Every structure is written in C-alpha cells, then in structure tokens.
Amino acid sequence: MTTLTESHRLWHNGRYLTWLLSDTSKGLAAALFGFAIPLLALIVTNDPAQAGIIGAAGMIARLLMTLAGGVLADRHRRIALMLLGSLIGIVLAGAFTLLALGDAMTFGSLLVIDILLAARSGLFDVAGESAIKEIVPDDAMGRAQAANQGRDAALQLAGGPLGGLLLGIGGWAVGVVMTLCHAIAALTAWMLGRQARRAGVVDTGAAGENGDDPDDPRRVVAEHAVAATDDLGFGTSASAAPAKRNAWAELREAFAWLLSRPDLGGVLLITTVVNLGFNAAITTVIYSLQQDGHSELLIGTLSASIGAVMLVGAVCAPLLVPRIKAGILTIAGLSVATVGVMALTMVTTPWAIAVVLGASVLLVPALNAGMMGYFMVATPTHLLGRANSAAGVLGMGAMPLAPLIAGFGLAWIGREWTLLLCAALCLASVALAVGNRALRALPVESRWAAHAKEFESA
C-alpha cells in the first residue's frame with residue numbers, strides 16, 4: 001500500500017485524482033446507458049414487461065460476470081484491467097451507435113447490447129473499485145468514498161438531463177457520448193499506470209502481498225489481452241502466483257471469508273432487500289411516467305433532481321462519517337428511504353415525485369460512504385477483488401427482479417400496489433437493520449481499522 005501520512009490531503013493525491021477522472025468518465029457512460037436503455041426499450045416495444053425483461057437480463061449478466069471480475073482483479077494488474085475494460089467499452093459503445101444510426105433498434109438488439117455492456121461492467125469494474133485501496137490510505141478512505149458519492153450524485157444530476165437531451169436528438173447521440181467517455185477513461189487509466197510506474201508503486205493483484213519480486217517474469221499475465229497492456233506503461237505489476245489456483249476455489253474462499261465476518265456478512269441480506277425495493281420503486285416511477293406520455297427530457301430532469309439532493313448529501317457525508325457511527329447512519333438512511341417509497345404511492349405529478357424521491361436519498365451518500373469505506377478498510381488487499389465481487393453478488397443478487405417487479409407490476413396490479421410492494425421490501429430492510437447487532441456496532445471512520453482487527457483474530 002502507498003506510504004501516505006495520517007494527515008493525508010485527498011485532493012493533493014494526484015493518483016487519486018487521475019483514478020477519479022477515469023472512473024467518472026466510465027461512470028458517465030454507464031449513467032447515460034442506464035438512463036437510455038429503459039426508455040428506448042419502452043419506445044421500441046411499448047410494453048413495460050418487455051422493457052423489464054431487457055433490464056433484468058442486463059443485471060443478471062453483470063452479476064454473473066462480477067464473479068469472474070473479482071478473480072481477475074485479484075490475479076492480475078488492476079489498473080491494466082481498468083484500461084482493457086475501457087477499450088472494450090469503446091468498441092461496444094461504437095456498436096450501439098451504429099445500431100442506432102442504422103435504425104436497427106429492436107427488442108432483440110437492445111437485449112443483446114444491454115447484456116454485453118452489462119457484462120463488460122461486471123468483468124472490469126471490480127478492478128477499478130479495488131485499485132483505490134492502493135491509492136488512498138485507510139484513514140482517508142471514508143472521505144474518499146464520500147467524494148465518490150458526490151461524484152456519483154453529480155453524474156446523476158448531469159446524466160438525466162443530458163440523457164434526455166441526447167435521446168431527443170436520437171439514440172446514436174447517446175452512443176457517441178458514451179464512446180467519448182470510454183475513450184477518456186482509457187486515456188486516464190493509462191496515465192494512472194504511468195504515474196504508478198514513476199512512483200515505484202506496485203499495481204497489485206493477488207500476489208501483491210506475498211512479497212514476490214515485481215521484476216520476476218512470472219508476473220506477466222498469461223492472458224494475452226491483459227499482457228498486451230504492458231506496452232502501454234504498466235510495468236509495475238505484481239507477480240503472478242507461481243501456480244494458478246482454481247477460480248472456483250478462489251471464489252469460495254472470498255465468499256467464506258465474507259460470510260464468516262459478522263461485521264460484513266450480516267449486512268448483505270439487508271442490502272439485498274433494500275436495493276430490490278428502492279430500485280424497483282424508482283423503475284416503477286420511470287416506467288409509469290413514460291407510459292403516461294411524459295417526455296424523455298422531463299424524466300431526465302426528474303433524475304437530475306434526485307442527483308441534486310444526493311450531491312447535497314454527499315457534501316454533508318464527509319462531515320457525518322467521521323462523527324456518527326456507520327451503523328447509525330445506515331439505519332437512518334434506510335428509514336428515510338423507506339418513508340420516501342411509502343410517500344410515492346400518494347403522489348403522481350412529476351414535480352411532487354421529484355420532491356419525494358429527493359428527500360428519500362438525502363442520507364444515501366453518507367450511508368454508502370460509511371459502509372463502503374469500512375468494507376475497503378476491513379478487507380485484505382489480496383482478497384479485495386473477489387470480496388468486492390462476492391459482496392456485489394450477495395448484496396445485489398435480487399436486483400434483476402427490480403425491472404421485472406416494475407414492468408409486470410404495472411401491467412398486472414397497477415402503479416399504487418406495485419409501489420406498496422416496494423415499500424414493504426424497504427420496511428423489511430429497516431427491521432433487519434435494527435435487529436442486527438453487528439451493524440449497529442459499526443463505529444466512526446477513525447476506529448474502522450481497529451474495529452476490523454477485532455474480527456481478524458476471531
């Protein structure tokens with residue numbers, strides 16, 4: 001890990017800023033596509049159920065590939081994988097642009113391109129998420145995650161109106177901007193590797209903590225796609241393991257470690273339930289607005305209003321995380337989101353929906369910063385990629401059901417009852433959180449490392 005002082009100033013960390021720019025560019029591409037696909041699916045099919053199938057298929061592909069992505073992130077150079085993922089993103093975004101220009105958008109083509117782009121995210125995004133542990137010290141991780149939450153809020157703030165504006169021009173315009181975003185992400189990932197090389201910092205994979213010689217030729221990745229990135233400046237990778245282990249065994253190790261930790265594993269069921277309930281509620285609202293004839297730009301502006309409130313929450317998060325226990329922040333954030341979903345059943349106009357959803361997500365950045373920051377501190381570097389993927393799969397395993405609940409719910413039982421089902425799921429997550437002693441005990445940022453060590457010897 002980088003040797004940074006306790007008085008580390010995050011915004012003076014050039015490697016973090018480069019990482020943030022790369023991850024933000026990739027995130028904007030994902031935000032645009034995530035906004036465009038549901039609306040394009042509804043425009044093409046005029047059927048919420050079919051749109052839900054497309055959304056669910058993409059989420060399933062991402063979850064499955066996240067498992068493989070975790071193994072890759074622990075075996076190979078994480079920054080190199082960031083670059084490779086962005087290069088593949090350029091190709092897929094370009095293909096999406098050509099499909100839109102050729103007026104070839106159908107249920108089948110949208111299904112395929114959504115699966116491919118989601119699979120790319122699952123396979124390579126874990127590496128980017130894990131690389132930050134080598135860039136930011138533990139005592140600044142909470143602030144880094146809070147800054148990332150602010151970035152995500154800004155993306156949502158810009159992504160909705162921008163996506164709506166681009167869709168008004170045509171689906172091809174979304175594809176062009178996505179391609180440009182992936183190109184920027186690739187360039188900055190390459191720069192990050194060059195910075196690491198100049199600083200003599202090892203781009204860590206599974207062997208990064210084993211003390212192997214980084215100049216050992218065995219560190220060259222066996223897969224030719226990753227090895228090809230050596231010519232682009234990634235000469236500081238960690239050595240590959242002398243003998244490759246079975247990938248399934250590595251995944252089982254990560255799942256077993258994660259589930260054995262009361263401070264981490266017990267939170268995953270809560271995350272699964274609230275992710276399903278809240279995302280199904282948002283998808284239901286988006287589908288119903290489109291079916292009621294509201295424009296893509298208006299729906300995008302609604303998304304921007306949520307992003308604006310989350311940005312405010314992200315600004316407050318660095319003040320809350322060092323002062324309030326992560327467990328308390330989590331329970332408070334879940335409770336506020338649940339009340340918001342309940343209130344959605346009583347409002348139907350776009351601006352009233354914007355106010356309710358905005359209030360619902362006010363504490364989400366602090367919640368995420370606390371939980372994700374603690375997870376990064378508590379997880380050993382050599383296990384981080386697989387642990388990230390395991391947590392993602394366990395915490396978001398039910399997410400493919402969200403667009404199906406929204407699509408089939410609107411078709412079968414209507415908007416109000418679908419939202420009531422979503423509210424019931426969110427309420428269940430609050431009850432689980434209040435009853436989880438390990439979650440309630442999660443401390444403030446300064447005590448994360450010491451708190452995590454208590455479970456290492458357990």
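The buried residues of helix α14 are covered by a set of helices that includes α2 (48-75), α3 (78-101), α4 (107-131), α8 (247-260), α9 (262-291) and α13 (364-378). This picture, like everything that follows, comes from a predicted model. Helix α14 is a good place to begin a tour, as eleven of its 13 residues are buried and the helix is mostly covered. The buried positions are L384, G385, R386, A387, N388, S389, A390, A391, G392, V393 and G395. The length of α14 can be checked as well: 13 residues, 384-396, should span 18 Å at 1.5 Å a residue, and the 17 Å between the end C-alpha atoms agrees with this.

Stepping back to the whole chain, the model holds 18 helices and zero strands. Of the 458 residues in the chain, 56% are buried. Contacts between residues with a separation of 6 or more were also sorted by distance along the sequence, and 88% of them join residues 24 or more positions apart. On the outside, the accessible surface of the chain amounts to about 18,200 Å², and carbon and sulfur atoms contribute 68% of that surface.

Two pairs of helices show how such elements meet. In one pair, α9 and helix α15 (residues 401-412) have axes that come within 8 Å and cross at roughly 45°. An angle under 35 degrees would count as roughly parallel and one of 65 to 115 as roughly perpendicular, and α9 and α15 are therefore oblique to each other. The crossing of α9 past α15 is right-handed. On the α9 side, the contact is made by L276, N279, A280, T283, T284, Y287 and S288, and these meet L401, A402, P403, I405, A406, G407 and L410 of α15. A general feature of helices helps in reading such lists: an α-helix has 3.6 residues a turn, so residues three or four places apart point the same way.

The other pair is formed by helix α11 (residues 326-344) and helix α12 (residues 350-360), whose axes lie 8 Å apart at an angle of about 165°. Angles over 145 degrees count as roughly antiparallel, and α11 and α12 are therefore placed in that class. Here α11 passes α12 in a left-handed crossing. The residues of α11 that take part are V336, A337, G340, V341, A343 and L344, and their partners in α12 are I353, V356, L357, A359 and S360.

Helix α15 deserves a further look. With twelve residues, α15 reaches 15 Å from its first C-alpha to its last, close to the 16 Å expected at 1.5 Å a residue. Its buried residues are A402, P403, I405, A406, G407, G409 and L410. These buried residues pack against α2, α9 and α16 (414-434). After α15 comes G414, which has a positive phi near 90°.

Individual residues add detail to this picture. R62 is found in helix α2. With a relative accessible area of 37%, R62 falls between the limits of 20% for buried and 50% for exposed, and is therefore partly exposed. Apart from neighbours within four places in sequence, R62 is in contact with A118, S121, G122 and D125. The C-alpha atoms of R62 and D114 are 9.8 Å apart in space, while the two residues are 52 residues apart in sequence.

S25 sits in helix α1 (residues 14-45). Its relative accessible area is 8%, so S25 is buried. Neighbours within four places in sequence aside, the contacts of S25 are C181, I184 and A185.

Two loop residues complete the account. N46 lies in the loop between α1 and α2, and its phi is near 55°, a positive value in a residue other than glycine. The relative accessibility of N46 is 57%, so N46 counts as exposed. D103 lies in the loop between α3 and α4. Although D103 is not a glycine, it has a positive phi of about 55°. D103 has a relative accessible area of 71% and is therefore exposed.

Note on methods. Residues are numbered from 1 along each chain as its sequence is written. This is a predicted model: local features need pLDDT of at least 70, side-chain atom pairs count only at pLDDT 80 or more; totals for chains, interfaces and linings use all residues. Side-chain values use heavy atoms; hydrogens and water are left out. Helices (H or I, at least four residues) and strands (E, at least two) are DSSP runs, numbered from the N terminus. The expected span of a helix is 1.5 Å times one less than its number of residues. Buried means under 20% relative accessible area, exposed over 50%, partly exposed in between (1.4 Å probe, protein chains only). Contact means heavy atoms within 4.5 Å. Accessible areas come from the Shrake-Rupley method with a 1.4 Å probe; for residues, only the protein chains shown count as cover. Axes are lines fitted to C-alpha atoms, for helices over the stretch in contact, and angles run from 0 to 180 degrees between N-to-C directions. A crossing is left-handed if the near helix is turned anticlockwise from the far one by less than a right angle, and right-handed if clockwise.
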